Amino acid sequence: MRQVEIVEVSPRDGLQNEAVVLATDAKVELISRLVEAGAGRVEAVSFAHPRLVPAMADAEAVMAQVPRGGGVSYAGLVLNRRGLDRAVDAGVDEVNVVVCVSDSFSRRNQNMSTEEAMAVAEEVAAGARSRGLFTTLTLSTAFGCPFEGEVPPGRVVELARRGAGAGFDELCLGDTIGVGTPAQVRELTAAVRAAVGATPPLRYHFHNTRNTGFANAFAAILDGVTVLDASAGGIGGCPFAPNATGNIATDDLVWMLERMGLSTGWDLDALLPTAAFLTDQLGHQVPAMLPRAGSFP
């Protein structure tokens, strides 16, 4: 049976855009619930400056309490060398380095141009590799920018080529504002693979802002992509993107993939109560549909 790996991002991308900032203990409980439900890779924290992303200010405290063992790999989002040093000290297993494809978004998100951010990413990749950490390069706004509009595919491909050359273990294409379509997914997949080959493998990060996230995930699966980001309850968004809404929901994605005959390693019965936990903690109904409808059959 074909395996699809889901990288759980609710503790990081899911919580960073919420009005309510969860206590450290609640974040640790969320992560523990996810691990018990079968999460093998969890993007647990961000090492962005606390002033810019206050919801992630307790990254070190969270990492000090996450459940260890059982094969789970914890990732931290890193934007610069200082973030890498913090991530190493906190005991992450992998780092996710973000570069915004569009200059306007890069300046708002990281206060530097795309070219400057890519140079930093290459430096971080070398530092992380020397410490034995798994590295992912995420190219955000790969499908469109809220300030510049359409993003040229060639720009995405060139940055992916540079990421492969820098030695990243994985390339992730991010639809940060949820404007991608299945045709666009397939075109980018083909173009990036033509440029860099089969390795490093591709991973996708979809938001369901315009209700195309799951169609995009299916399109990626059709072309052999086996790693997808998702967020329990469908929570998430980007503080620097206007009208940002959540990631595709882990609950709904697991159900879809398993019904397609694919293996995810997740236990839906164990995962579903997490939506109610998040609803209670955040003070609003989470977007995921499966916790409301129930599984089938």
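In this predicted model, Asn211 is found in the loop between β7 and α9, the latter spanning residues 213-222. The phi angle of Asn211 is near 65°, a positive value in a residue other than glycine, and such a value deserves a second look because most residues other than glycine have a negative phi. With a relative accessible area of 65%, Asn211 is exposed, since the threshold for that term is over 50%.

A positive phi also occurs at Thr141, where the angle is near 50° and the residue is again not a glycine. Thr141 lies in the loop between β5 and α7, and, whereas Asn211 is exposed, Thr141 counts as buried because its relative accessibility is 0%, with under 20% being the limit for that term.

The loop that holds Thr141 also holds Phe143, which leads to the aromatic contacts of the model. The count of aromatic pairs comes to 4. A pair of aromatic rings is described by the distance of the centres and the angle of the planes. For Phe143 and Tyr204 the ring centres are 6.3 Å apart and the planes stand at 50°, so the pair is tilted, given that angles under 30 degrees would count as stacked and those over 60 as edge-to-face. Phe143 lies in the loop between β5 (134-140) and α7 (153-165), while Tyr204 belongs to strand β7 (residues 202-206), so this pair ties together parts that are 61 residues apart in sequence. Both partners can be placed by their accessibility: Phe143 is buried, with a relative accessible area of 2%, and Tyr204 counts as buried at 0%. Ring pairs extend the picture to Phe206, linking Phe143, Tyr204 and Phe206 into a cluster.

Another aromatic residue, Phe147, takes part in a contact of another kind, in which the charged end of Arg108 sits over its ring, 3.9 Å from the centre.

The backbone holds further features to inspect, and these concern the peptide bonds that precede two prolines. Most peptide bonds are trans, but the bond from Thr199 to Pro200 is cis, with omega near 0°. Pro200 is found in the loop between α8 (182-196) and β7, and β7 is the strand in which Tyr204 lies. The peptide bond from Phe296 to Pro297 is likewise cis, with omega near 0°, and Pro297 is found in the segment after α13, a helix that covers residues 290-293.

Methods
Residues numbered from 1 in each chain as written. Predicted model: local features only at pLDDT ≥ 70, side-chain atom pairs only at ≥ 80, totals over all residues. Heavy atoms only, no water. Phe/Tyr/Trp six-rings, centres within 6.5 Å; stacked < 30°, edge-to-face > 60°. Helix = DSSP H or I, 4+ residues; strand = E, 2+ residues; numbered from the N terminus. Buried < 20%, exposed > 50% of the residue type's maximum accessible area, 1.4 Å probe, protein only. Lys NZ or Arg CZ within 6 Å of the ring centre and 35° of its normal.
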